[in-house]
Amino acid sequence: MKLDKYLAEAAVGTRKLVRNYVKAGKITVNGQAVLEPALEIDENNDIIEYLGEAVIHLGKIYFMFHKPSGCVTARKDEENPTVLEYFSPEHQKGLFPVGRLDKDTEGFLLLTNDGEFSHGLMHPKQHVEKTYFFWAYGTLDEEAMESLKLGVIIGDEEELAKAIKIEVKEQGRYQELKDNMNFVNRKEIRINPYEQSVVSGYLTISEGRKHQVKRMLKAVGCYVAYLKRVSIAGVYLDETLEQGQYRELTSEELKALSMAGKSE
Ligand code: URA
């Protein structure tokens, strides 16, 4: 591998910046200063140092993160904790989230340092399926479910948003189901909560428009109180992961997700 690629992948800096570091003599290979950014190195055996410190190159990494509510899917934020703050400093290097979840949405978020993998999964033409579990105020009858499958209007001059699949799990009055709505940060409702209808279920979509699930359910009169992403491309959130915890993807999970992000 070329030295500048190796350094950039190890998050020493951007490709441009690391080239300048090399030219400025800040990088050594096996103890020798080298001035050629395109030098071929043996990444398995050579010892690369930046200002006398060993450069740790973890290669490509892929994590499954159980996002809690209250943190934002961004690399930096002035006001809120970010998803990256849940990662150890050595894992944070070069890591970024694949797509985003709203601040109040929980569940499965992928993080990686592999731009190509992320780009593939995010590309609209790949139609990668994502399934969300929801609790909403309102009712979902056959007609509403049919509308969701046919496509609903979620914004001016936007294409119809379609559900790949919609499944109701529980439906009834808040008074009867409130104990099952065992999530925190419940959204307030203004009308008498005891008479209010509530519904839970799973909605699968293959796009990633902003607040898409909330806007789709709103289009059929349901107001999302809780949202959790449970799967991406058939890979399920590991329920042994507590909120805020992460682990590396298994090779099967990585394979399934890589396939989903590749064109036929
Ligand atoms: N749809 C939403 O409305 N919010 C999310 O966070 C993800 C999908």
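Here is a short chat about a predicted model of one protein chain.

Visitor: Let's start simple: how many helices and strands does the chain have?
Guide: Keep in mind that this is a predicted model. Its C-alpha trace spans about 75 × 40 × 35 Å along the principal axes. As for secondary structure, the chain comes to eight helices and 13 strands.

Visitor: What share of the residues counts as buried?
Guide: The cut-off for buried is under 20% relative accessible area. The chain has 264 residues to sort by that rule. The share that counts as buried is 44%.

Visitor: And what part of the accessible surface belongs to carbon and sulfur atoms?
Guide: The accessible surface of the chain comes to about 14800 Å². The part of it that belongs to carbon and sulfur atoms is 49%.

Visitor: How far apart are the centres of the positive and negative side chains?
Guide: There are 35 positive side chains and 42 negative ones in the chain. Take the centre of each set, and the two centres lie apart by 3 Å.

Visitor: Which residues lie closest to the centre of the largest pocket?
Guide: That pocket has a volume of about 620 Å³. It is lined by 31 residues. The closest to its centre are Arg-100, Tyr-132, Gly-208, Arg-209 and Arg-229.

Visitor: Which helices and strands each supply at least two residues of that lining?
Guide: Two helices and two strands can be named here, taken in chain order. They are helix H4 (115-122), strand E8 (130-137), helix H7 (212-219) and strand E11 (223-232).

Visitor: Is Cys-222 buried or exposed?
Guide: Look for Cys-222 in the loop between H7 and E11. Leaving out residues up to four places away in sequence, Cys-222 touches Ala-136, Tyr-137, Gly-138, Thr-139, Leu-140, Val-199 and Leu-217. Its relative accessibility is 0%, so Cys-222 counts as buried.

Visitor: How far is Cys-222 from Ile-205 in space?
Guide: Along the chain, the two are 17 residues apart. Going from C-alpha to C-alpha, the separation of Cys-222 and Ile-205 is 17 Å.

Visitor: Where is Ser-200, and what is its relative accessible area?
Guide: Ser-200 has its place in strand E10, which covers residues 197-205. Not counting residues up to four places away in sequence, Ser-200 touches Phe-133, Phe-134, Trp-135, Glu-167, Val-168, Lys-169 and Glu-170. Ser-200 is buried, and its relative accessible area is 0%.

Visitor: What is phi of Asn-30 near?
Guide: Asn-30 is in the loop between strand E1 (27-29) and strand E2 (32-33). Asn-30 counts as partly exposed because its relative accessibility is 43%. Its phi is positive, in a residue other than glycine, and is near 50°.

Visitor: Why does His-211 count as partly exposed?
Guide: You'll find His-211 in the loop between E10 and H7, and its phi is positive, near 50°. Partly exposed is the range between the buried cut-off, under 20%, and the exposed one, over 50%. His-211 counts as partly exposed because its relative accessibility is 37%.

Visitor: What is Asp-4 in contact with, beyond its neighbours within four places in sequence?
Guide: Asp-4 is found in helix H1, residues 3-9. With a relative accessible area of 3%, Asp-4 is buried. Beyond those sequence neighbours, the contacts of Asp-4 are Arg-15, Val-18, Arg-19 and Pro-37.

Visitor: How far is Pro-68 from Leu-249 in space?
Guide: Pro-68 lies in the loop between strand E5 (62-67) and helix H3 (89-92), and counts as buried at 7% relative accessibility. Setting aside neighbours within four places in sequence, its contacts are Tyr-86, Lys-103, Thr-105, Glu-106, Gln-243 and Gly-244. Pro-68 and Leu-249 are 181 residues apart in sequence, and their C-alpha to C-alpha distance is 19 Å.

Visitor: One more: how far apart in space are Asn-113 and His-91?
Guide: Asn-113 is in the loop between strand E7 (106-112) and H4. Residues touched by Asn-113, not counting those up to four places away in sequence, include Gly-59, Lys-60, Ile-61, Gly-94, Leu-95 and Phe-96. Asn-113 and His-91 are 22 residues apart in sequence, and C-alpha to C-alpha the distance is 9.6 Å.

How values were computed. Residues numbered from 1 in each chain as written. Predicted model: local features only at pLDDT ≥ 70, side-chain atom pairs only at ≥ 80, totals over all residues. Heavy atoms only, no water. Helix = DSSP H or I, 4+ residues; strand = E, 2+ residues; numbered from the N terminus. Buried < 20%, exposed > 50% of the residue type's maximum accessible area, 1.4 Å probe, protein only. Areas by Shrake-Rupley, 256 points an atom, 1.4 Å probe, with all protein chains shown as cover. Lys, Arg positive; Asp, Glu negative; His and termini not counted. Charge placed at Lys NZ, Arg CZ, Asp CG, Glu CD. 1 Å grid on protein atoms, 1.4 Å probe; cavity = no way out; pocket = protein on both sides within 12 Å on 5 of 7 lines; lining within 4 Å. Points joined across faces, edges and corners; volume = space filled by probe spheres on them. Contact = heavy atoms within 4.5 Å.
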